Amino acid sequence: MRQTPDLYALDLTTATFTQACGGPCTDGCVTLARIGDDAWALGDSKRPDLAPLRFTGEELDAAGIDPARFGLAR
């Protein structure tokens, strides 16, 4: 079984977040960034005071979130 890295130990200072909304919104509330090998950060631009949540690619798949849909490579 593959061991999951400590996602919250990964540095976000160089992460580039992309708008990842599912519809034609102008707020861009959901943001997504690749933060490592099979590691992703999901943020909320409406709440910049809150730290982004972090997920593995498998967890994003289970939630139905495909980073490629937002121009992000796997």
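1. A good place to start is Arg54, which is buried (under 20% relative accessible area, with exposed being over 50% and partly exposed in between, using a 1.4 Å probe and protein chains only) yet has no salt bridge. A salt bridge here is a side-chain nitrogen of Lys or Arg within 4 Å of a carboxyl oxygen of Asp or Glu. The nearest side chain of opposite charge is that of Asp11, 7.0 Å away; Lys and Arg count as positive, Asp and Glu as negative, and His and the chain ends are not counted.

2. Before you read on, please note that this is a predicted model, in which local features need pLDDT of at least 70, side-chain atom pairs count only at pLDDT 80 or more, and totals for chains, interfaces and linings use all residues. Residues are numbered from 1 along each chain as its sequence is written, and side-chain values use heavy atoms, with hydrogens and water left out.

3. What does the side chain of Arg54 reach? Its partner is the backbone oxygen of Leu7, at 2.8 Å. Arg54 belongs to strand β4, residues 53-56; strands (E, at least two residues) are DSSP runs numbered from the N terminus. Not counting residues up to four places away in sequence, Arg54 touches (heavy atoms within 4.5 Å) several residues, including Leu7, Leu12, Ile35, Trp40 and Glu59.

4. How many salt bridges does a search of the whole structure find? There are 2. In one, Arg34 pairs with Asp37, with the closest N and O atoms 3.9 Å apart; Arg34 is partly exposed at 34% relative accessible area, while Asp37 is exposed at 65%. Arg47 pairs with Asp49, with the closest N and O atoms 3.1 Å apart; here Arg47 is partly exposed at 39% and Asp49 is exposed at 56%.

5. Asp38 deserves a look too. This residue sits in the loop between β2 (30-36) and β3 (39-44), and its phi is near 60°, a positive value in a residue other than glycine.

6. The largest nonpolar core (buried Ala, Val, Leu, Ile, Met, Phe, Trp, Tyr and Cys residues joined through side-chain atoms within 4.5 Å) has 7 residues: Leu7, Leu12, Ala15, Ala33, Ile35, Ala39 and Ala41. Strands β2 and β3 each supply at least two of them. A second, separate core of 6 residues includes Ala20, Leu60, Phe70 and Leu72. In soluble globular proteins, nonpolar side chains tend to be buried together.

7. Finally, Ala41 links back to the opening point. Leaving aside neighbours within four places in sequence, the contacts of Ala41 include Leu12, Phe17, Pro52 and Arg54.

Technical notes
Helix = DSSP H or I, 4+ residues; strand = E, 2+ residues; numbered from the N terminus. Polar contact = N/O pair within 3.5 Å; in protein donor to acceptor, adjacent residues only side chain to side chain.
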